[in-house]
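Student: I'm new to this structure and would love a close look at one part of it. Could you pick a spot and walk me through it?

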Amino acid sequence: MSTMTALLDHPQRYALSNELHARPFPVVRAPGRAAYLALRPVTNAAARDKGADRAHLIALLDRYGAAHPAPDATHYFGQIGRHWLKWESHTEFVTYTLLGDGVAERPFDAATFGMFPEDWLADAPGVRITSALIRVEPMPEDSVMDKRINEWFVPESLAASRCLDGELVVAGDFRIDASGHMRFAVFAAPQCGERRIGRVVQRLCEIETYKTMSMLGLSRARAISGKLGQTEHRLAALVTGMSDVTVEPAETLHALLGVSAELEDMVAQTSFRFGATAAYESIVSDRIEVLREVRFGGRQTFGEFMKRRFDPAMRTVRSTETRLRDVSERAMRAADLLRTRVDVERSAQNQALLTSMDRRSDLQLQLQRTVEGLSVVAISYYALNLVLYMLSPLEKLLHIEKYWLYGGVTPVVVLTVWLVLKRIQKSMHH
């Protein structure tokens with residue numbers, strides 16, 4: 001018996017292994033066509049109800065009597081009517097790709113989208129973020145390809161290149177046509193396999209989708225740019241005013257905390273979007289890189305198109321993110337500096353208060369000693385009178401002069417009173 005049978009598998013071992021093979025590339029023949037659709041909610045897409053997405057998929061499958069995906073599936077591939085449907089659920093969006101054989105007589109005829117019923121589209125739990133029509137043809141001569149590409153796309157933004165060792169030529173202009181779709185053309189050489197064509201078709205869909213998702217970061221950066229500029233101006237004014245001794249530091253600190261709260265709110269509103277934009281930008285670059293592009297007919301490649309049109313937008317997003325972080329850190333440093341100044345001033349005030357309290361304590365002690373001295377005198381006065389009254393018979397009996405009697409008794413009475421008061425004070429302290 002093998003010792004391997006005694007090993008216990010991690011509960012997710014098979015699931016993690018199968019995840020690498022869970023999203024196979026579609027098989028596309030030349031001639032062929034694809035219709036692509038990506039949907040996402042307008043707001044809070046990452047926390048959307050994915051159960052609603054699955055229910056929407058099942059509603060489409062039921063119209064064609066197709067099998068359902070597993071309850072927790074994030075992808076699906078199956079036949080509906082004469083087409084194949086590939087569905088994928090991502091963090092912020094879901095995608096539908098319809099694949100079919102043959103091409104329409106009229107290039108980029110949107111009739112393929114008729115597979116998505118209008119009422120079904122109207123019930124979608126989201127809005128269209130992008131859609132595309134992809135036309136796949138057998139590769140003709142370069143002159144024929146060049147003529148077709150010129151007819152199908154806008155020359156000013158056209159990108160075209162040979163890919164994957166020259167086995168395919170891809171072209172697109174990243175413009176929305178009259179039907180509301182992007183257009184891509186794929187020309188496949190006879191020796192190019194169907195799976196390789198499928199990989200390129202999927203890569204084109206991914207490039208378009210992640211490019212569009214990245215541009216959401218630019219929209220967010222532009223939306224906060226004006227407010228960020230105003231907040232930055234207020235912060236600069238507050239920092240400049242910190243050196244003004246006539247301004248109460250506590251008021252400046254309160255205003256600084258208000259600026260910091262505004263900045264933190266902007267960070268909270270943009271952190272996910274900017275982080276997602278960076279991730280999507282990386283995916284776009286990766287998907288273009290794996291095409292292994294070579295220039296076709298002197299035209300710009302997809303990579304060059306992105307450098308000219310896409311990269312500046314991404315630099316704007318990164319610049320806004322860096323600026324927001326820097327302003328937020330400046331506000332924190334200014335607040336810390338001002339808090340330190342307030343603490344130092346409060347310490348000085350506390351020190352002055354303690355000095356004043358010490359002075360008052362000394363005065364109280366002196367007053368107490370004065371009162372104690374007066375108490376000794378007052379008590380001694382009354383005690384001396386009582387003693388003299390009691391000793392007055394001795395004045396005549398012993399023939400002692402009155403002043404001698406007063407002189408002898410007074411020190412004894414005063415000393416006795418003083419000792420008694422000291423003893424009382426000592427017992428009270430204990």
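Tutor: Happy to! Keep in mind that this is a predicted model. Let's begin with glutamate 88, which is buried, its relative accessible area being 7%; that falls under the 20% cut-off for a buried residue. Glutamate 88 belongs to strand E3, which spans residues 83-89. Its side chain has a partner: a polar contact of 3.3 Å links it to the side chain of histidine 90.

From there, let's move along to helix H4, made of residues 142-152, where the buried residues are Met145, Ile149 and Trp152. They sit on the same side of H4, because the arc they cover around the axis is only 70°. The opposite face, turned away from that buried side, carries the exposed residues Ser143, Lys147 and Glu151. What lies over the buried residues of H4? The cover includes strands E5 (127-138), E6 (159-163), E7 (168-172) and E8 (182-188).

Some of these strands lead us to two loops worth a look. In the loop between E6 and E7 you will find aspartate 165, which has a positive phi of about 65° although it is not a glycine. Aspartate 165 is exposed, with 62% relative accessibility. The loop between E7 and E8 holds phenylalanine 174. Phenylalanine 174 also is not a glycine, and its phi is positive, near 55°. This residue, phenylalanine 174, is buried, with a relative accessible area of 10%.

Terms used:
Residues are numbered from 1 along each chain as its sequence is written. This is a predicted model: local features need pLDDT of at least 70, side-chain atom pairs count only at pLDDT 80 or more; totals for chains, interfaces and linings use all residues. Side-chain values use heavy atoms; hydrogens and water are left out. Buried means under 20% relative accessible area, exposed over 50%, partly exposed in between (1.4 Å probe, protein chains only). Helices (H or I, at least four residues) and strands (E, at least two) are DSSP runs, numbered from the N terminus. The arc is that of the directions from the helix axis to the C-beta atoms. Contact means heavy atoms within 4.5 Å. A polar contact is a pair of N or O atoms within 3.5 Å; within protein, one must be able to donate a hydrogen and the other to accept it, and residues adjacent in sequence count only if both atoms are side-chain atoms.
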